[in-house]
Amino acid sequence: MIEIKDLVKNFPGRRVIDGISAEIRDGELFSVIGPSGTGKSTFIKCLIRLLRPESGQIIVDGQDIASTSSEFTLAKVRRSFGYLFQEGALFDSLTVLENVAFGLKYLTDIPKSDYPRIVREKLALVGLKDVEHLKPAELSVGMKKRVSLARSIAAEPKYMLYDEPTTGLDPVTTGMVKELIIDMRSKLNITSIVVTHDLNLALEISSRVAMLYGGKFVEVGEPAQFRQSENHEVKEFMEISHLSRK
Ligand code: ADP
Ligand code: MG
(Lines give C-alpha, C1' and ligand atoms only; values in the text may rest on other atoms or scores of the structure.)
(Ligands and ions follow the chains in the order given, each with its own letter.)
Protein backbone atom coordinates (compact mmCIF):
# COMPACT_ATOMS: atom_id res chain seq x y z
CA MET A 1 0.00 0.00 0.00
CA ILE A 2 1.11 3.55 -0.68
CA GLU A 3 0.04 6.22 1.78
CA ILE A 4 0.54 9.81 0.74
CA LYS A 5 0.17 12.43 3.44
CA ASP A 6 0.18 16.21 2.97
CA LEU A 7 2.57 16.05 0.02
CA VAL A 8 4.00 19.40 -1.07
CA LYS A 9 6.31 20.01 -4.04
CA ASN A 10 7.52 23.40 -5.24
CA PHE A 11 9.37 24.54 -8.29
CA PRO A 12 11.02 27.97 -8.21
CA GLY A 13 8.26 30.49 -7.71
CA ARG A 14 5.52 27.93 -7.86
CA ARG A 15 3.82 25.34 -5.64
CA VAL A 16 2.83 22.49 -7.95
CA ILE A 17 1.67 19.94 -5.36
CA ASP A 18 -0.10 21.69 -2.50
CA GLY A 19 -0.94 19.16 0.19
CA ILE A 20 -2.07 15.90 -1.41
CA SER A 21 -3.18 12.98 0.75
CA ALA A 22 -4.32 9.63 -0.62
CA GLU A 23 -4.11 5.91 -0.03
CA ILE A 24 -3.42 3.61 -2.94
CA ARG A 25 -4.44 0.12 -1.95
CA ASP A 26 -2.84 -3.09 -3.13
CA GLY A 27 -4.32 -4.32 -6.40
CA GLU A 28 -5.87 -0.96 -7.25
CA LEU A 29 -5.73 0.83 -10.56
CA PHE A 30 -5.58 4.42 -9.41
CA SER A 31 -5.64 7.17 -12.00
CA VAL A 32 -4.70 10.81 -11.62
CA ILE A 33 -6.24 13.05 -14.21
CA GLY A 34 -6.03 16.75 -14.94
CA PRO A 35 -5.18 19.14 -17.76
CA SER A 36 -1.59 19.51 -19.01
CA GLY A 37 0.73 21.34 -16.66
CA THR A 38 -1.18 20.57 -13.47
CA GLY A 39 1.59 18.50 -11.93
CA LYS A 40 0.70 14.91 -12.80
CA SER A 41 4.23 13.96 -13.86
CA THR A 42 5.60 15.82 -10.85
CA PHE A 43 3.34 13.75 -8.61
CA ILE A 44 4.45 10.45 -10.11
CA LYS A 45 8.12 11.46 -9.97
CA CYS A 46 7.77 12.21 -6.25
CA LEU A 47 6.47 8.69 -5.69
CA ILE A 48 9.82 7.19 -6.66
CA ARG A 49 11.83 10.18 -5.43
CA LEU A 50 13.04 11.24 -8.82
CA LEU A 51 11.94 14.52 -7.29
CA ARG A 52 12.26 15.31 -3.61
CA PRO A 53 9.13 16.80 -2.08
CA GLU A 54 9.30 19.86 0.19
CA SER A 55 7.26 18.16 2.88
CA GLY A 56 4.83 15.38 3.54
CA GLN A 57 5.08 11.61 3.61
CA ILE A 58 5.06 8.88 0.99
CA ILE A 59 4.84 5.61 2.83
CA VAL A 60 5.42 2.61 0.58
CA ASP A 61 4.78 -0.66 2.38
CA GLY A 62 5.62 0.98 5.69
CA GLN A 63 8.72 2.90 4.54
CA ASP A 64 8.55 6.68 4.28
CA ILE A 65 10.60 7.68 1.26
CA ALA A 66 9.57 11.34 1.00
CA SER A 67 12.51 12.67 2.94
CA THR A 68 14.78 9.72 3.63
CA SER A 69 18.40 10.19 2.67
CA SER A 70 19.14 6.48 2.95
CA GLU A 71 20.20 5.28 -0.48
CA PHE A 72 19.58 1.76 0.76
CA THR A 73 15.92 2.46 1.58
CA LEU A 74 15.42 4.33 -1.67
CA ALA A 75 16.94 1.56 -3.76
CA LYS A 76 14.87 -1.06 -1.99
CA VAL A 77 11.61 0.83 -2.46
CA ARG A 78 12.41 1.77 -6.08
CA ARG A 79 12.88 -1.89 -6.86
CA SER A 80 9.21 -2.45 -6.12
CA PHE A 81 8.26 -0.01 -8.91
CA GLY A 82 8.14 -0.41 -12.64
CA TYR A 83 7.40 2.60 -14.79
CA LEU A 84 6.35 3.35 -18.28
CA PHE A 85 7.13 6.96 -19.04
CA GLN A 86 5.98 8.61 -22.21
CA GLU A 87 9.54 9.39 -23.16
CA GLY A 88 10.68 5.95 -21.96
CA ALA A 89 12.26 5.02 -25.24
CA LEU A 90 14.04 1.76 -25.96
CA PHE A 91 17.77 1.66 -26.53
CA ASP A 92 18.10 1.68 -30.30
CA SER A 93 21.41 -0.13 -30.42
CA LEU A 94 20.22 -2.99 -28.21
CA THR A 95 18.10 -5.93 -29.28
CA VAL A 96 14.66 -6.54 -27.81
CA LEU A 97 16.18 -9.21 -25.58
CA GLU A 98 18.85 -6.83 -24.29
CA ASN A 99 16.29 -4.07 -23.81
CA VAL A 100 13.90 -6.23 -21.80
CA ALA A 101 16.72 -7.77 -19.76
CA PHE A 102 18.22 -4.36 -19.03
CA GLY A 103 16.73 -3.90 -15.57
CA LEU A 104 17.41 -7.48 -14.51
CA LYS A 105 21.11 -6.77 -14.33
CA TYR A 106 20.67 -3.81 -11.96
CA LEU A 107 17.60 -4.78 -10.02
CA THR A 108 17.95 -8.51 -9.43
CA ASP A 109 20.47 -11.25 -8.70
CA ILE A 110 19.04 -13.47 -11.39
CA PRO A 111 21.83 -15.29 -13.26
CA LYS A 112 22.40 -14.13 -16.80
CA SER A 113 21.69 -17.58 -18.19
CA ASP A 114 18.05 -17.16 -17.10
CA TYR A 115 17.54 -13.89 -18.99
CA PRO A 116 16.36 -15.42 -22.29
CA ARG A 117 13.69 -17.47 -20.54
CA ILE A 118 12.48 -14.53 -18.44
CA VAL A 119 12.47 -12.21 -21.43
CA ARG A 120 10.43 -14.74 -23.43
CA GLU A 121 7.92 -14.99 -20.56
CA LYS A 122 7.53 -11.23 -20.24
CA LEU A 123 7.22 -10.79 -24.00
CA ALA A 124 4.51 -13.47 -24.03
CA LEU A 125 2.64 -11.56 -21.30
CA VAL A 126 2.50 -8.48 -23.52
CA GLY A 127 1.55 -10.56 -26.55
CA LEU A 128 4.86 -10.79 -28.41
CA LYS A 129 6.71 -13.82 -29.70
CA ASP A 130 9.97 -14.42 -31.58
CA VAL A 131 11.10 -10.79 -31.55
CA GLU A 132 14.06 -11.12 -29.16
CA HIS A 133 16.69 -10.55 -31.83
CA LEU A 134 15.06 -7.57 -33.52
CA LYS A 135 16.18 -3.99 -33.00
CA PRO A 136 13.68 -1.24 -32.03
CA ALA A 137 13.87 0.26 -35.54
CA GLU A 138 12.33 -2.95 -36.89
CA LEU A 139 9.27 -2.68 -34.63
CA SER A 140 5.96 -0.89 -35.10
CA VAL A 141 4.88 1.78 -32.61
CA GLY A 142 2.55 -0.69 -30.92
CA MET A 143 5.26 -3.34 -30.66
CA LYS A 144 7.66 -0.80 -29.15
CA LYS A 145 5.09 -0.01 -26.47
CA ARG A 146 4.74 -3.71 -25.74
CA VAL A 147 8.50 -4.15 -25.48
CA SER A 148 8.77 -1.11 -23.17
CA LEU A 149 6.11 -2.61 -20.97
CA ALA A 150 7.84 -6.00 -20.97
CA ARG A 151 11.00 -4.22 -19.86
CA SER A 152 9.12 -2.45 -17.06
CA ILE A 153 7.70 -5.68 -15.67
CA ALA A 154 10.83 -7.82 -16.14
CA ALA A 155 11.93 -7.49 -12.52
CA GLU A 156 8.37 -8.19 -11.36
CA PRO A 157 7.49 -4.92 -9.68
CA LYS A 158 4.68 -4.71 -7.17
CA TYR A 159 3.68 -1.28 -8.48
CA MET A 160 3.49 0.06 -12.02
CA LEU A 161 3.50 3.75 -12.83
CA TYR A 162 2.21 4.85 -16.20
CA ASP A 163 2.75 8.45 -17.25
CA GLU A 164 0.48 9.41 -20.17
CA PRO A 165 0.57 5.87 -21.56
CA THR A 166 -1.63 6.66 -24.57
CA THR A 167 -0.60 10.20 -25.43
CA GLY A 168 0.33 10.59 -29.08
CA LEU A 169 -0.88 7.13 -30.06
CA ASP A 170 -3.41 6.32 -32.76
CA PRO A 171 -6.80 4.94 -31.62
CA VAL A 172 -5.89 1.30 -32.33
CA THR A 173 -2.63 1.48 -30.37
CA THR A 174 -4.43 3.39 -27.61
CA GLY A 175 -6.92 0.54 -27.31
CA MET A 176 -4.10 -1.95 -27.21
CA VAL A 177 -2.24 -0.08 -24.44
CA LYS A 178 -5.47 0.19 -22.48
CA GLU A 179 -5.93 -3.59 -22.66
CA LEU A 180 -2.31 -4.14 -21.65
CA ILE A 181 -2.68 -1.99 -18.52
CA ILE A 182 -5.82 -3.91 -17.55
CA ASP A 183 -4.04 -7.19 -18.32
CA MET A 184 -0.99 -6.41 -16.19
CA ARG A 185 -3.26 -5.74 -13.26
CA SER A 186 -5.32 -8.89 -13.67
CA LYS A 187 -2.54 -11.31 -14.68
CA LEU A 188 0.16 -10.09 -12.33
CA ASN A 189 -1.93 -8.42 -9.65
CA ILE A 190 0.14 -5.28 -10.12
CA THR A 191 -1.01 -2.17 -8.29
CA SER A 192 -1.17 0.46 -10.99
CA ILE A 193 -1.01 4.23 -10.97
CA VAL A 194 -1.86 5.93 -14.23
CA VAL A 195 -1.50 9.65 -14.78
CA THR A 196 -3.20 10.96 -17.87
CA HIS A 197 -5.07 13.91 -19.30
CA ASP A 198 -7.37 11.34 -20.96
CA LEU A 199 -10.41 11.34 -18.68
CA ASN A 200 -12.22 8.74 -20.77
CA LEU A 201 -9.32 6.31 -20.46
CA ALA A 202 -9.17 6.84 -16.70
CA LEU A 203 -12.91 6.34 -16.25
CA GLU A 204 -12.81 3.13 -18.28
CA ILE A 205 -9.92 1.34 -16.61
CA SER A 206 -9.60 2.60 -13.03
CA SER A 207 -10.81 1.38 -9.69
CA ARG A 208 -10.56 4.99 -8.52
CA VAL A 209 -9.89 8.29 -10.21
CA ALA A 210 -8.42 11.42 -8.64
CA MET A 211 -8.51 14.82 -10.25
CA LEU A 212 -5.46 17.00 -9.66
CA TYR A 213 -6.20 20.69 -9.86
CA GLY A 214 -4.54 23.66 -8.22
CA GLY A 215 -2.08 21.31 -6.55
CA LYS A 216 -4.80 19.32 -4.80
CA PHE A 217 -6.95 16.28 -5.38
CA VAL A 218 -10.27 18.09 -5.81
CA GLU A 219 -12.14 14.80 -6.26
CA VAL A 220 -11.32 11.14 -5.62
CA GLY A 221 -13.75 8.36 -6.28
CA GLU A 222 -14.79 5.27 -8.18
CA PRO A 223 -15.60 6.03 -11.83
CA ALA A 224 -19.38 5.90 -11.33
CA GLN A 225 -19.17 8.23 -8.37
CA PHE A 226 -16.64 10.44 -10.16
CA ARG A 227 -19.03 10.98 -13.07
CA GLN A 228 -21.60 12.35 -10.62
CA SER A 229 -19.15 14.82 -9.09
CA GLU A 230 -20.54 18.24 -8.25
CA ASN A 231 -17.04 19.73 -8.22
CA HIS A 232 -16.80 22.63 -10.64
CA GLU A 233 -13.37 21.70 -12.08
CA VAL A 234 -14.38 18.07 -12.54
CA LYS A 235 -17.58 19.03 -14.34
CA GLU A 236 -15.72 21.42 -16.60
CA PHE A 237 -13.03 18.82 -17.38
CA MET A 238 -15.69 16.22 -18.14
CA GLU A 239 -17.43 18.62 -20.51
CA ILE A 240 -14.21 19.41 -22.40
CA SER A 241 -13.29 15.70 -22.55
CA HIS A 242 -16.74 14.85 -23.85
CA LEU A 243 -16.55 17.50 -26.57
CA SER A 244 -13.08 16.48 -27.72
CA ARG A 245 -14.26 12.91 -28.08
CA LYS A 246 -16.88 13.80 -30.68
P1 ADP B 1 1.68 17.55 -16.13
O2 ADP B 1 2.40 16.26 -16.09
O3 ADP B 1 0.36 17.52 -15.41
O4 ADP B 1 1.49 18.07 -17.53
P5 ADP B 1 4.06 18.58 -14.84
O6 ADP B 1 4.12 17.83 -13.56
O7 ADP B 1 4.96 18.13 -15.92
O8 ADP B 1 2.54 18.65 -15.34
O9 ADP B 1 4.39 20.10 -14.57
C10 ADP B 1 3.68 20.90 -13.63
C11 ADP B 1 4.22 22.30 -13.62
O12 ADP B 1 5.54 22.30 -13.07
C13 ADP B 1 4.35 22.93 -15.00
O14 ADP B 1 4.03 24.28 -14.88
C15 ADP B 1 5.80 22.75 -15.35
O16 ADP B 1 6.23 23.76 -16.21
C17 ADP B 1 6.47 22.83 -13.99
N18 ADP B 1 7.68 22.00 -13.94
C19 ADP B 1 7.75 20.68 -14.18
N20 ADP B 1 9.01 20.22 -14.00
C21 ADP B 1 9.75 21.29 -13.63
C22 ADP B 1 11.14 21.48 -13.28
N23 ADP B 1 11.98 20.45 -13.28
N24 ADP B 1 11.53 22.73 -12.96
C25 ADP B 1 10.67 23.77 -12.95
N26 ADP B 1 9.37 23.66 -13.26
C27 ADP B 1 8.91 22.45 -13.59
MG1 MG C 1 3.12 15.03 -17.63
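**Exercise 1.** Leaving aside its neighbours within four places in sequence, which residues is Lys9 in contact with?

*Solution.* A word on the model before we start: it is predicted, local features need pLDDT of at least 70, side-chain atom pairs count only at pLDDT 80 or more, and totals for chains, interfaces and linings use all residues. Residues are numbered from 1 along each chain as its sequence is written, ligands are numbered from 1 in the order in which they are written, and side-chain values use heavy atoms, without hydrogens and water.

Step 1: find Lys9 in strand S1, residues 2-11 (strands are DSSP runs of E, at least two residues, and helices are runs of H or I, at least four, numbered from the N terminus).

Step 2: list its contacts (heavy atoms within 4.5 Å): Arg14, Arg15, Val16, Ile17, Thr42, Cys46, Leu51, Arg52, Pro53 and Glu54.

Step 3: look at Arg52, whose backbone oxygen lies 3.0 Å from the side chain of Lys9.

**Exercise 2.** Work out which residues surround ligand 1 and which element gives the most to its shell.

*Solution.* Step 1: collect the residues with a heavy atom within 4 Å; they are Phe11, Arg14, Val16, Pro35, Ser36, Gly37, Thr38, Gly39, Lys40, Ser41 and Thr42.

Step 2: sort them into three nonpolar, six polar and two charged.

Step 3: check the backbone. A backbone N or O atom of Gly37 is 2.7 Å from a ligand 1 oxygen, while polar backbone atoms of Lys40 and Ser41 each have a ligand oxygen at 2.9 Å.

Step 4: assign elements. Strand S2 (14-24) and helix H1 (40-47) each give two or more residues, and H1 gives the most, with three.

Terms used:
A polar contact is a pair of N or O atoms within 3.5 Å; within protein, one must be able to donate a hydrogen and the other to accept it, and residues adjacent in sequence count only if both atoms are side-chain atoms. Ala, Val, Leu, Ile, Met, Phe, Trp, Tyr, Cys and Pro count as nonpolar, Asp, Glu, Lys and Arg as charged, and the others, Gly among them, as polar.
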